[in-house]
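The following report moves from one residue and its surroundings to the strands and the overall composition of the model. Please keep the sequence and the structure in view while reading.

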Amino acid sequence: MVDPVSILQKWEGGHSTTVLCVGAGTDGLLVSGAERGALTLWNDEGVNLGQLKLVGEDDVTCVTFSPLATNKVYVSHGENVSLLDTRFLKNVLACYHISDDEINCLSVNETDSFLAAADDLGAVKILDLSSGKIRCSLHRHSNICSSVAFLHHRPQSLVSCGLDMQVMLWSLQKTHPLWVLNIQELNDKKQSQQQNSSQLFNPPLVHTVSVADCGSRFACGSEDGWVNIFRVTGTRFEQQLGFKAHSQGVSQVHYVSFLNSSCWLITGGNDGKVNLWDVGKEYLLSNEGKSKMGKKKGKKKHIHKKDIDTKNDRKLEAGNVSPTICINHGKKVNWLCPLHVKGELKIIVTDESNSLSVYPISILDK
């Protein structure tokens with residue numbers, strides 16, 4: 001396997017301050033956001049196509065492209081969300097005052113009709129993109145709401161997570177969550193099984209959430225270094241898998257398509273590692289529909305004996321899953337962004353520097 005450091009690409013010259021986030025469109029364009037309202041537009045070769053300084057110079061905390069209009073980009077900065085056009089980056093098409101505190105994460109549903117913004121007050125604000133007005137405020141987190149994501153194939157359903165250690169499933173038809181899980185309860189079970197006292201000093205504050213393309217599974221990364229994967233069934237969700245992904249907090253988790261499968265996860269941590277995980281096999285080995293919290297059981301999935309590796313199965317039960325690729329990036333990860341270019345997968349990494357690091361993952365697997 002190729003050494004990741006040997007094929008590392010650096011995109012430089014786009015920022016003079018720390019790059020906090022980056023988002024990619026389906027046409028190969030990327031927008032990175034940095035401290036003091038700085039934005040840079042890149043092509044998939046790392047060429048700087050333009051820059052913009054937002055009014056107010058609040059830090060740019062999230063960038064997300066419209067799923068339907070590839071030229072439209074939503075950017076959160078301070079309490080606001082700005083709409084930009086990559087063809088005319090110098091002009092802000094619209095600016096929405098969404099929150100009374102800093103916004104941490106944005107998500108746009110697949111019909112491009114609603115935008116969700118997670119903020120420091122613990123709320124998820126829903127913006128109706130056709131009218132430009134707030135449709136509702138989903139407020140149940142008791143601490144900072146760190147991340148939010150709409151489900152695929154369910155444009156009015158979303159999941160949120162926060163520093164109150166809670167993960168919530170929402171429907172825009174209701175102002176209260178459909179289902180709530182406190183990650184600490186999963187940790188209590190781990191402690192009773194493993195007698196691991198380190199959890200007491202490293203609570204599972206949930207930093208990041210990502211939804212799989214199938215729309216029925218999502219993954220969360222938390223401060224204790226664990227990644228938990230859940231399956232949505234109707235109006236609730238149940239844990240399917242949990243594993244230790246990083247020695248420090250998980251700052252980013254993203255589902256990606258790789259090697260003709262969408263069951264891959266990329267995670268980034270405060271330990272400076274970027275890991276690629278094949279979670280398709282783990283799904284097969286886990287007990288479909290059986291909750292780790294003793295909730296209602298679903299139908300048991302038929303599994304062929306030839307597909308089961310009993311040694312691997314025991315590892316899964318212990319939460320000891322190994323990454324397919326582990327990159328020692330060496331710096332705390334601020335943001336990860338998967339980029340698909342001509343059938344190849346690249347991972348864009350931002351850290352405490354003013355540059356972007358690019359790892360061609362497809363090369364690493366050869």
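Leu 115 touches Tyr 74, Val 81, Leu 106, Ser 107, Val 108, Lys 125, Ile 126, Leu 127, Leu 129 and Phe 150, where residues up to four places away in sequence are not counted and contact means heavy atoms within 4.5 Å. Leu 115 is also, together with Leu 39 and Ile 348, one of the residues that touch the most other members of the largest nonpolar core, which holds 40 residues. A nonpolar core is here a set of buried Ala, Val, Leu, Ile, Met, Phe, Trp, Tyr and Cys residues joined through side-chain atoms within 4.5 Å, and buried means under 20% relative accessible area, with exposed over 50% and partly exposed in between (1.4 Å probe, protein chains only). A second, separate core of 18 residues includes Val 167, Trp 179, Cys 220 and Phe 237.

The model is predicted, so that local features need pLDDT of at least 70 and side-chain atom pairs count only at pLDDT 80 or more, whereas totals for chains, interfaces and linings use all residues. Residues are numbered from 1 along each chain as its sequence is written, and side-chain values use heavy atoms, with hydrogens and water left out.

Helices (H or I, at least four residues) and strands (E, at least two) are DSSP runs numbered from the N terminus, and two strands pair if DSSP finds at least two bridges between them. The two pairings below are both antiparallel.

| Strand pair | Bridges | Residues opposite each other |
|---|---|---|
| strand 10 (residues 103–108) and strand 11 (residues 114–119) | 5 bridges | Val 108 and Leu 115 |
| strand 1 (9–11) and strand 28 (residues 356–360) | 3 bridges | Lys 10 and Ser 357 |

Because 6 of the 6 residues of strand 10 are buried, this strand is largely enclosed by the rest of the structure. In the hairpin that strand 10 forms with strand 11, 5 residues lie between the strands, and Asp 112 takes a positive phi near 60°.

Strand 1 belongs to an open sheet of 4 strands with the order 1-28-27-26 and antiparallel pairing. Strand 1 and strand 26 (335–341) stand at its edges with a single partner strand each, so one side of each is left without a neighbour in the sheet. Neighbouring strands of this sheet are turned by 25° against each other on average, direction ignored, with axes taken as lines fitted to C-alpha atoms, for helices over the stretch in contact, and angles running from 0 to 180 degrees between N-to-C directions.

Overall, the protein has 4 helices and 28 strands, and 57% of its 366 residues are buried.
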